[in-house]
Amino acid sequence: MSTIVKRLLRSSDDLATKGELAKEADVPSIGEHQPRNPYLTEIQVLQNHSDIVRLLHPVDSSRFVSAGDDGTAILWHTQTGRRHFTFSGHDRPITAMLLLTVQKTSFHDDDESSAALRDPILLTASSDKHICMWNVNTGQCLQTITDLHSSVKCMVELRHGMWCSGGHDLSLWSHQGELLHRLDRVTAESDISLVLSIPNEKLVAVSDKTLLVFKVTSPMETGGVYQLEEYGNPHTQHREAIQSLVNVSDSVFATGSLDGTIVLWASARSVNFTRKLSSSARSPQGINHLYPWSIQCVVPVEERYLFAAIGAGFWLYDVVTGKCLAKKVAAHFSKIQHMVLLAGGSFLATCSADGTIRLWGSPGVTAAKTEETTEEQKPRHSKQIDRFMGISPRKEDTKGKSKSVDQMQFQPTLLGELLGHAGTVQMLLDCGGDGLASCGTDGLVILWKDGAVQSEHRNEFIREMLQLGVS
């Protein structure tokens, strides 16, 4: 893609200051020859949506769901790209999706309707103030929840077969879609946009720049029903709206905000501030008062590391030490919307409002295959992070001979670029051995396939057919 086209695709917030424009020279480019890019030769373009596709959600190893502004969700087969079902139940954009795990112990074997609920259940929430419950295996709409006072912005699954939805209010639901309790936030100035389950039956919710903590009380505590109770609000650490909320481990979660701040919180007992990782926080710039260094996405890795999309670049942090292990300040011509670690850490895939998907990593490491790690091959950081930074397994007899990675900062290399979307790429999904899925404002879902893996699949299929013919 030419530099001119990339500039045309950029969103207006990247034109906030002349300083940002000067950084275009720092954005790396790559030619058509991309020997480290496995996703160049085979793609599938899925065109069943009629408007912006904003969400991708995995179902299992062979299926995923896409949803967007046309009010529909579509179940796809990752290997073939075949459409299984179209879930049509909304007349406004879908704003959130949640896949409920099977709750076998919640139903009686002789109840046919309950037996149907043993299949995976997909929840789709929309700005039409409805939540639809779908049987993923049959495509049937099991229930449409209309007892909502506002649009639902987020949902999260809890223990004991319950789930929670957030919008202007915070609601607690049973696995069957029965409303258990609702916290009416009558005086609230902003909606709940993000919600996360943390230990000890607690929830963390985000309302603008504020964290809200709630506890799910049991029937023994309330006299027969589950309820939501406010558990206190931690001291505000962000100056602007929180845009990312993720669990790092069982005892730590992270928030990232519009002002460029990443905050770590302890959650083992009560919710307490731990530390700030990002030093990118700045005042708004330009005549439109925009934030070129905002946090769009935070991705945890193996309970210790965080990839953070900050402006048009990305950073890699060690949560324990607080150190920045790697960064690319100018990775795209516009803000990074989403990112995902692929092939066991061999690539970090980033997508942007500039319409591109880019693959980053070390030029010296090939895509990983599943293999056992011996005692002598101890990773410096974690298996995925070592692979991303190109660190060979450390053996005892070579200890001390290589320079410690902790003493330097890794500079990721652009290994590939995927061009197929005609607008902002909204989200990415790792499909394992079947490749990578992406969606965008052009209404497309694209499956990017590993050409070598697909060739192996075809050869295996031909061998099986030949063997059947002989027999």
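The following exercises, with worked solutions, concern a predicted model of one protein chain.

Residues are numbered from 1 along each chain as its sequence is written. Because the model is predicted, local features need pLDDT of at least 70 and side-chain atom pairs count only at pLDDT 80 or more, while totals for chains, interfaces and linings use all residues; side-chain values use heavy atoms, with hydrogens and water left out.

**Exercise 1. Overall composition**

Task: State how many helices and strands the protein chain has, and what share of its residues is buried.

Solution.
Step 1. The protein chain has six helices and 32 strands. Helices (H or I, at least four residues) and strands (E, at least two) are DSSP runs, numbered from the N terminus.
Step 2. Of the 471 residues in the chain, 51% are buried. Buried means under 20% relative accessible area, exposed over 50%, and partly exposed in between (1.4 Å probe, protein chains only).
Step 3. The accessible surface amounts to about 21,800 Å², and carbon and sulfur atoms hold 49% of it. Accessible areas come from the Shrake-Rupley method with a 1.4 Å probe; for residues, only the protein chains shown count as cover.
Step 4. Among contacts with a separation of 6 or more, 50% join residues 24 or more positions apart. Contact means heavy atoms within 4.5 Å.

**Exercise 2. The largest nonpolar core**

Task: Identify which residues have the most contacts inside the largest nonpolar core, and which elements give two or more residues to this core.

Solution.
Step 1. The core comprises 22 residues. A nonpolar core is a set of buried Ala, Val, Leu, Ile, Met, Phe, Trp, Tyr and Cys residues joined through side-chain atoms within 4.5 Å.
Step 2. Those with the most contacts inside the core are Phe307, Phe314, Leu316, Met339, Leu348, Phe388 and Met389.
Step 3. Two or more residues come from each of the strands β22 (295-301), β23 (305-310), β24 (313-318), β25 (324-328) and β26 (336-342), and from helix α5 (383-388).
Step 4. Beyond four places in sequence, methionine 339 touches several residues, including Cys297, Phe307, Phe314, Leu348 and Leu428.

**Exercise 3. Salt bridges between separate parts of the chain**

Task: Locate the partners of the salt bridges formed by arginine 182 and by lysine 153.

Solution.
Step 1. A search of the whole structure gives eight salt bridges. A salt bridge is a side-chain nitrogen of Lys or Arg within 4 Å of a carboxyl oxygen of Asp or Glu.
Step 2. Arginine 182 pairs with aspartate 147 (3.8 Å, N to O). Arginine 182 is in strand β13 (residues 179-183) and aspartate 147 in the loop between β9 (141-145) and β10 (154-157), 35 residues apart. Arginine 182 is buried at 15% relative accessible area, whereas aspartate 147 is partly exposed at 39%.
Step 3. Lysine 153 pairs with aspartate 191, with the closest N and O atoms 3.1 Å apart. Lysine 153 lies in the loop between β9 and β10 and aspartate 191 in the loop between β13 and β14 (194-198), so the pair ties together parts that are 38 residues apart in sequence.
Step 4. Lysine 153 is partly exposed at 35% relative accessibility, and aspartate 191 is partly exposed at 26%.

**Exercise 4. Polar contacts of buried side chains**

Task: For serine 66, aspartate 259 and histidine 332, list side-chain polar contacts.

Solution.
Step 1. A polar contact is a pair of N or O atoms within 3.5 Å; within protein, one must be able to donate a hydrogen and the other to accept it, and residues adjacent in sequence count only if both atoms are side-chain atoms.
Step 2. Serine 66, in strand β3 (residues 63-68), is buried at 0% relative accessibility. Its side chain makes polar contacts with the side chains of histidine 49 (2.7 Å) and tryptophan 76 (2.8 Å).
Step 3. Aspartate 259 occupies the loop between β19 (252-257) and β20 (262-266) and is buried at 2% relative accessible area. Its side chain makes polar contacts with those of serine 257 (2.4 Å) and threonine 261 (2.9 Å).
Step 4. Histidine 332, in the loop between β25 and β26, is buried at 2%. Its side chain makes a polar contact with that of aspartate 354 (3.1 Å).
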